[in-house]
Amino acid sequence: MNKPIRRVSVFCMLLVLALMIRANWVQGLDASALNANVHNKRTVIEAYSYPRGDIIVGGNSVTKDLLVNGNFYKYRRAYVNGPMYAPITGYSSQAFGSNLLENVEDPILSGNDPRLFFRNALDTLTGKQKQGGDVVTTIDPKVQQAGWDGLQGKKGAAVAIDPSTGAILGLVSFPSYDPTSIAGVTSDFATNWKKLTSDPSQPMLNRALRATYPPGSTFKLITAAAALETGKVTDIDAPTDSPDPYILPGTNNVPLPNETGDTGCKNATMNTALALSCNTVFGKLGVEVGPQRMLQEAQKFGFNNSSMTIPVGVTASNFDANMNLAQTAQSSIGQFDTRATPLQMAMVAAAICNNGTLMKPYLVAEERSASNSVISQTSPTQLSQATTPDVAAKLQTMMVNVVKNGTGTTAQIPGVEVGGKTGTAQHGVNNDQNPYAWFVSWAKSGGKQIAVAVVVEDSDTSRGDISGMHLAAPIAKNMMQAYLGK
Amino acid sequence: MTTVESRAVACAPQGPAPVRRNTELSLLVFAALVPVLAYAETGLAMDGRLPAGMLGYGLGLGSFVLLAHLSVRRFAPHADPLMLPIAALLNGLGLVFIWRLDKARELHPNYPAAQNQLLWSGLGIALFIVVMARLKDYRRLQRYTYLSGFAALVLLAVPAFFPVRAGDFGARIWIHLDGFSIQPGEFVKILLPVFFSGFLMVKRDALALASRRLLGLYLPRGRDLGPIVVVWTLSLLILVFETDLGTSVLFFGIFVVMLYVATERTSWVLFGVLMAGLGFWAVAHTEGHVRGRIDEWLHPLAAAPGAGVGQIGQALFALGSGGALGTGLGQGHSWLIGFAAKSDFILGTIGEETGVTGVIAVLVLYGLLAERGLRTALAARDPFGKLLAVGLSAAFALQVFIVAGGVTGAIPLTGMTLPFVAQGGSSVITNWALVAVLLKISDLARRPAPGEPLQPGTQP
C-alpha cells in the first residue's frame with residue numbers, strides 16, 4: 001500500500017502548495033486592486049482613525065475633527081461656518097467621499113503626502129499619533145463674509161481676487177450647505193445627503209467655480225480690449241460708426257437691439273457705449289475684429305481653459321470657435337454660446353486692473369506640516385498677458401466711467417478708484433426666465449487692489465428691476481470695501 | 001529519557017528508532033512561547049499594555065501542553081515528535097486570534113469566545129490524554145468498524161432534524177442545545193476513517209483484483225461498485241438535506257483516498273472524481289444554497305445594492321490589506337468580515353495581521369502535520385494502521401484545503417473550521433483526538449519490533 005500512500009502524500013502537498021499560491025495571488029498580485037476597491041472600508045476607516053489637518057482661513061481653522069469613537073470611525077470631520085466656507089473646503093465624509101480642497105489637498109490633510117514621510121516615520125518611531133498637515137487658504141474672511149451676507153436670499157456666486165498676485169480673497173456660492181451635516185455614516189447624515197442632492201436649488205453646486213453663465217454685457221470688456229488691440233478703435237472718446245439697431249451680418253434683416261432701447265448708442269464713443277452698455281456698438285466691433293481674433297482674445301483672458309486648477313479644478317468658460325459673423329456679434333456681447341464662471345469674470349477684471357497681466361488664481365497660500373513648518377508656499381505666477389498695459393489703462397478709464405456716470409453707480413466707494421461693468425444676461429428659451437445679473441469690478445486704494453465678479457441668478461425681484469446695477473453691484477461694493485477697509 | 005536517547009545513539013547502527021521525546025519537549029517550549037508572545041504583542045498593540053490574563057494564559061497553555069507531553073512520554077514513547085508541538089502551536093495561535101477578535105466591538109454578540117475556546121482546548125487535550133492512556137492498541141478500533149460507520153451516519157443525519165437558526169447561514173450542520181451548539185460533522189472525521197479502514201481491510205482484495213481491463217484502466221465490476229455508490233449517494237444526501245458542501249466533499253474525499261490506497265487502483269480515483277463531479281454539478285443546478293455559494297465564489301466582489309460585498313469579498317479585502325507582512329497583530333480590520341470571523345473565516349484575520357508570511361507559515365504547519373501523519377501510514381506495519389493513518393491525515397489535509405481554499409476564494413466556500421485555529425468546540429476536541437490516534441499509530445510503527453530492531457535507514 002506504500003505506493004498509493006506516497007501518491008496521496010504528494011497530493012496533500014499539492015493541496016497545500018495550491019493554497020500557498022492562492023495566498024500569494026490574493027495578498028500580492030491582487031492586493032492593490034483589493035485595497036482600492038470602493039467597497040473596502042479600510043481606507044476610510046484608516047483615514048478617520050486620526051485627526052485630519054486643518055483648513056485655515058484668516059489665521060483660524062474652519063475645520064474640526066470630532067473624536068466620536070464610533071464602531072468604525074474614531075474621528076469625524078466638522079466645519080466652522082460650514083455653509084459659508086463650503087465652496088472652499090468642500091466636504092470630507094465617511095460615507096460620501098470628499099470634494100474641493102478636502103479632496104485635492106487630501107495628501108497634506110491626511111498626512112500621507114510623500115513630503116511628510118520623514119515626519120511620519122519619526123512619529124511612528126516615537127509612538128506619536130499620526131496627524132495631518134494644514135492647508136492655509138488665501139481667503140480673506142471679511143471679504144468672504146461680505147459676499148455671503150450680500151447673497152442671502154438670492155441665488156448666485158461671488159468671487160474676489162487680488163489682481164496683483166491672483167490670490168483668491170473670496171469665493172461665495174449661495175444657496176449653500178453645511179458639510180458637517182453629511183460628514184458621518186449614520187442615517188441622519190444619509191437623509192441630509194439625499195435631501196441636498198435632490199434639492200432643485202442645488203445647494204451643493206459650487207456656483208463660483210463649477211457653474212457657467214452667459215456673461216452678458218460684462219463680456220464687452222473683452223470685445224473692447226480686442227478692438228483696441230487690433231486698432232479698430234484707437235481713441236475711446238471718438239465716435240464709432242455704429243447704426244442703431246445693428247443688422248446682424250449675413251441675416252435677413254435681423255436686428256441686434258439695445259436692451260432698453262436707449263438713445264445715445266448710435267455712433268457712440270466706446271467710452272459712452274460701455275457706460276450705456278450698447279449692444280449695437282460692441283456687436284459691430286466684434287464682427288469687425290472677427291471670430292478668430294475674438295476667440296484669441298477670450299482665450300488670453302482665460303476662456304476655453306479646461307485644465308485650470310486653483311488647485312481645485314475649475315470648469316472651463318466657453319467662447320465658441322468657428323462661428324459665423326452673426327454668431328460672433330451675439331457672442332461679443334456675451335450671448336449665444338458664450339459662458340463664463342464667476343471666477344472667469346473676476347479674472348477679466350483682475351487682468352484689466354493689473355495693467356493687462358493676468359495672474360494665475362490660487363486658493364492655497366501655504367501647506368504646512370502638523371508641527372506648523374511650511375512645506376510649500378504658492379508664489380504668484382502669470383497665467384497670460386491678457387492685453388497690453390496701454391489697452392488696460394484705457395479699459396480702466398472706461399470702467400471708472402461706468403461706475404461714475406454709467407450703469408455701475410451703485411458700486412461707488414468714496415475715496416476709492418472703482419471700475420466696473422454691469423451685465424444682464426438672457427436666461428431661458430426666448431429669454432422667458434429671469435435673467436442673470438452680473439457685476440464685474442475692481443478697486444484700488446492705498447496700494448491694495450481687489451477684483452470682484454458677482455452673478456445673481458433669478459432673484460425674486462421683478463424682472464424689470466433685474467440688472468447688475470441693483471442686484472450684483474452692491475454686493476461687489478461691500479466685498480471691495482471689506483478688503484480695502486474703507 | 002536522556003539515558004534512553006544516549007543509548008539509542010550509542011548503538012546507532014543496530015539500535016531502535018530514536019524516541020525523540022526531548023526534541024518534542026523543546027519544540028513544545030517554542031510552541032507555547034510563540035502564542036504567549038503573540039498574545040503580549042496583541043495586547044500592546046490594542047491597549048498599549050500587556051494583557052491582564054497573560055500569565056494565566058501562558059501558564060494554562062503551558063500546563064496543558066506539558067500534560068499532553070507527559071502522557072505521550074508515558075503511553076506512546078516512540079511516537080512522532082512533531083505532531084504534538086504543531087497542534088499545540090496552532091491551537092495557541094488560534095486562541096490569540098480569537099481573543100483579538102473578541103476585542104473588536106463590532107463582533108460583540110459572539111463575545112467572549114476566547115475563554116470558551118480555551119476551555120474547549122483544555123477538554124480537547126484531556127481527550128487527547130484519555131486516548132493516550134486508554135487506547136492501548138489502536139488495532140482494537142477494528143472491532144468497532146460497523147459501530148463507527150453507524151455512529152457516523154447518525155451524527156451526519158442528526159442536524160437535518162434540528163431546526164436551522166437564523167445565524168447558521170442556511171447550512172444544517174449544527175445541533176443547538178441551550179447555551180452551546182455542537183457540530184457533529186466534526187466527529188465524523190475520526191469515525192469514518194475507522195469505519196472505512198475496517199471495511200476496506202476486508203474488501204480490498206475483492207475490489208482490487210476482480211476487475212475488467214478496458215483502455216488500460218481496471219474497471220470495477222458492477223457489483224463491486226456497491227460501496228462507492230452508497231457513499232456517493234450519502235454524500236449527496238448530506239448536500240441536499242443539510243446543504244453542507246464541505247462535509248459532503250470531505251466525506252466523499254476520505255472515502256476515495258482510502259479506497260485508492262486499499263486497492264492501489266487509479267481507476268477508482270477517476271471513477272470517484274467523475275461521480276463527484278456529476279453529483280455536484282447536478283446539485284449545484286437544483287439547490288439554491290449551493291448555487292448561491294458558487295455564484296459568490298465566481299463574483300466575490302459583486303456588491304448587493306447598499307450592502308457592500310459579501311463575506312468572501314470581505315475576506316479577500318482582509319487578505320489583500322495584509323500584503324506581505326501584515327498590519328501587525330491587533331491592528332487590522334478583519335472584523336469587517338462579520339459573522340464567523342472567528343471560526344470559518346479566521347484565516348482572513350491571520351492574513352490581514354500577519355500577511356502572506358503568516359498565512360504560509362500556518363499552511364506549512366498544516367502541511368507538516370498532514371505529512372507526518374502520512375509518514376506514519378508509510379511506517380505502520382499493519383494494513384489497518386496504514387489505512388487509518390491515511391484516512392485521518394487526508395481528512396485533515398482535505399479540511400484545511402476546503403476551508404482555506406474557500407476563504408481565499410480558490411474554491412467555493414463551505415462552512416468548515418480551520419483545524420485547531422478556528423473557534424469551535426467540536427472541532428478542537430475532534431482534532432486533538434485525531435492527533436492522539438495518529439500518535440498511537442506512530443508509536444507502534446516506530447517501536448522496535450520484538451527481536452527485530454529497525455534499521456536506521458527505515459526509521460520514519
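**Exercise 1. Determine what share of chain B is buried, and set beside it the secondary structure and the contact pattern of that chain.**

Solution. In this predicted model, buried residues make up 53% of the 460 residues of chain B, where a residue counts as buried if 20 or more other C-beta atoms lie within 10 Å of its own. The next step is the secondary structure, which in chain B amounts to 15 helices and six strands. Finally, among the contacts of chain B with a separation of 6 or more, 71% involve residues 24 or more positions apart.

**Exercise 2. Describe chain A in the corresponding terms, adding the box that its C-alpha atoms fill.**

Solution. Chain A has 486 residues, of which 55% are buried, and its secondary structure consists of 18 helices and 18 strands. Of the contacts in chain A with a separation of 6 or more, 69% are between residues 24 or more positions apart. Taken along the principal axes, the box filled by the C-alpha atoms of chain A is roughly 110 × 50 × 40 Å.

**Exercise 3. Which helix of chain A gives the most to the side that touches chain B, and how do the residues of that side divide by class?**

Solution. Begin with the contact itself, in which 31 residues of chain A meet 44 residues of chain B. On the chain A side, α1 (2–29), α2 (31–36) and α3 (42–47) each supply at least two residues, and α1(A) gives the most, with 19 residues. Sorting that side of chain A by class then yields 16 nonpolar, ten polar and five charged residues.

**Exercise 4. Work out the strand order of the five-stranded open sheet in chain A, identify its edge strands, and place helix α8(A) against it.**

Solution. The order across the sheet is β9-β8-β18-β17-β16 in chain A, with antiparallel pairing. Its edges are β9 (168–174) and β16 (417–425) of chain A, each of which pairs on one side only, and from one strand to the next the twist averages 5°. Strands of a sheet pair through backbone hydrogen bonds, in either a parallel or an antiparallel sense. Within this sheet, β8 (residues 156–161) and β18 (residues 448–456) of chain A are joined antiparallel over six bridges, and Ala158(A) has Val454(A) of β18(A) as its bridge partner.

The helix can now be placed: α8 (residues 141–151) of chain A lies across β8 and β9 of that chain, and runs at about 25° to β9(A). Since eight of the eleven residues of α8(A) are buried, the helix is largely enclosed by the rest of the structure. Those buried residues are Pro141(A), Val143(A), Gln144(A), Ala146(A), Gly147(A), Trp148(A), Gly150(A) and Leu151(A), and what covers them includes β1 (55–57), α4 (82–89), β8, β9 and α18 (468–484) of chain A. Just after α8(A), Gly153(A) adopts a positive phi of about 80°.

**Exercise 5. Why can helix α16(A) be called largely enclosed, and how does its span compare with the expected value?**

Solution. Helix α16 (residues 342–353) of chain A has twelve residues, and the distance from its first C-alpha to its last is 17 Å, close to the 16 Å expected at 1.5 Å a residue. Twelve of the twelve residues of α16(A) are buried, and therefore the helix is largely enclosed by the rest of the structure. The buried residues include Gln344(A), Met345(A), Met347(A) and Cys353(A). Just after α16(A), Asn355(A) takes a positive phi of about 55°.

**Exercise 6. Characterise the packing of α11(A) against α14(A), from the axes to the residues in contact.**

Solution. The axes of α11 (residues 220–229) and α14 (residues 291–300) of chain A come within 9 Å and cross at roughly 115°, and the crossing is right-handed. On α11(A) the contact is made by Ile222(A), Ala225(A) and Ala226(A), and on α14(A) by Arg293(A), Met294(A), Glu297(A) and Ala298(A). By class these residues comprise five nonpolar, no polar and two charged.

**Exercise 7. How many bridges join β3(A) to β4(A), and how many residues of β4(A) are buried?**

Solution. Strand β3 (residues 63–67) of chain A runs antiparallel to β4(A) and is joined to it by five bridges; Asp65(A) stands opposite Arg77(A) in β4(A). As for burial, β4 (residues 75–79) of chain A is mostly covered, with four of its five residues buried.

Conventions
Residues numbered from 1 in each chain as written. Chains lettered and ligands numbered in written order. Predicted model: local features only at pLDDT ≥ 70, side-chain atom pairs only at ≥ 80, totals over all residues. Pairing = 2+ DSSP bridges. Axes fitted to C-alpha atoms, helices over the stretch in contact; angles between N-to-C directions. Contact = placed C-beta atoms within 7 Å. Expected span 1.5 Å × (residues − 1). Nonpolar A, V, L, I, M, F, W, Y, C, P; charged D, E, K, R; others polar. Left-handed = near helix turned anticlockwise from the far one by under 90°.
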